[in-house]
Amino acid sequence: MAYPPSAAPSGSPLNVADKWFGGEWPELVGKSWKLAKAVIELEDPYVRVFPVPEGNYIIEDIRDDRVWLWYDPKSLLVTRVPHIG
């Protein structure tokens with residue numbers, strides 16, 4: 001697969017919008033943030049995962065190569081659906 005997705009050959013089955021902004025992992029809510037980070041990195045090697053404890057601030061720009069991984073600092077479990085953006 002070509003990267004960035006916009007460089008995919010014409011006729012490619014790759015859907016750019018899904019690849020860039022559609023990647024999400026709802027099944028990881030309630031799991032350990034370390035496990036969630038490993039799963040996301042394994043499934044999409046083109047993104048960087050940034051664990052963020054709930055209550056912290058983040059920059060609010062949108063990026064096609066980043067996943068904010070929100071987790072509860074006490075339980076260390078994922079609290080929001082991780083997604084690209």
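1. A word to start with: a residue is called buried when its relative accessible area is under 20%, exposed when that area is over 50%, and partly exposed in between. Keep in mind, too, that this is a predicted model.

2. Let's try the word on Glu54. With a relative accessible area of 27%, Glu54 is partly exposed, because partly exposed covers what falls between under 20% and over 50%. You will find Glu54 in the loop that runs between strand S1 (48-53) and strand S2 (66-71).

3. Which residues does Glu54 touch, not counting those up to four places away in sequence? They are Trp70, Tyr71, Asp72, Pro73, Thr79 and Arg80. Take Asp72 as an example: Glu54 and Asp72 are 18 residues apart along the chain, and 5.6 Å separates their C-alpha atoms.

4. Now look at Val49, which sits in strand S1. Is Val49 buried or exposed? Its relative accessibility is 7%, so Val49 counts as buried.

5. Leaving out residues up to four places away in sequence, Val49 has contacts with Lys37, Ile40, Glu41, Val67 and Leu69. You can also trace the distance from Val49 to Ala38: their C-alpha atoms are 8.9 Å apart, with the two residues eleven places apart along the chain.

6. Finally, find the largest pocket, with a volume of about 190 Å³. Its lining is made up of Ile58, Ile59, Glu60, Asp61, Ile62, Trp68, Trp70, Arg80, Val81, Pro82, His83 and Gly85. Sorted by kind, the lining residues are seven nonpolar, two polar and three charged. Two names may look familiar: Trp70 and Arg80 line this pocket, and Glu54 touches both Trp70 and Arg80.

How values were computed: Residues are numbered from 1 along each chain as its sequence is written. This is a predicted model: local features need pLDDT of at least 70, side-chain atom pairs count only at pLDDT 80 or more; totals for chains, interfaces and linings use all residues. Side-chain values use heavy atoms; hydrogens and water are left out. On a 1 Å grid over the protein atoms alone, a cavity is a set of points where a 1.4 Å probe fits but cannot get out, and a pocket is an open set with protein on both sides within 12 Å along at least five of seven lines; lining residues have an atom within 4 Å of a point. Grid points are joined across faces, edges and corners, and a volume is the space filled by probe spheres set on the points. Ala, Val, Leu, Ile, Met, Phe, Trp, Tyr, Cys and Pro count as nonpolar, Asp, Glu, Lys and Arg as charged, and the others, Gly among them, as polar. Helices (H or I, at least four residues) and strands (E, at least two) are DSSP runs, numbered from the N terminus. Buried means under 20% relative accessible area, exposed over 50%, partly exposed in between (1.4 Å probe, protein chains only). Contact means heavy atoms within 4.5 Å.
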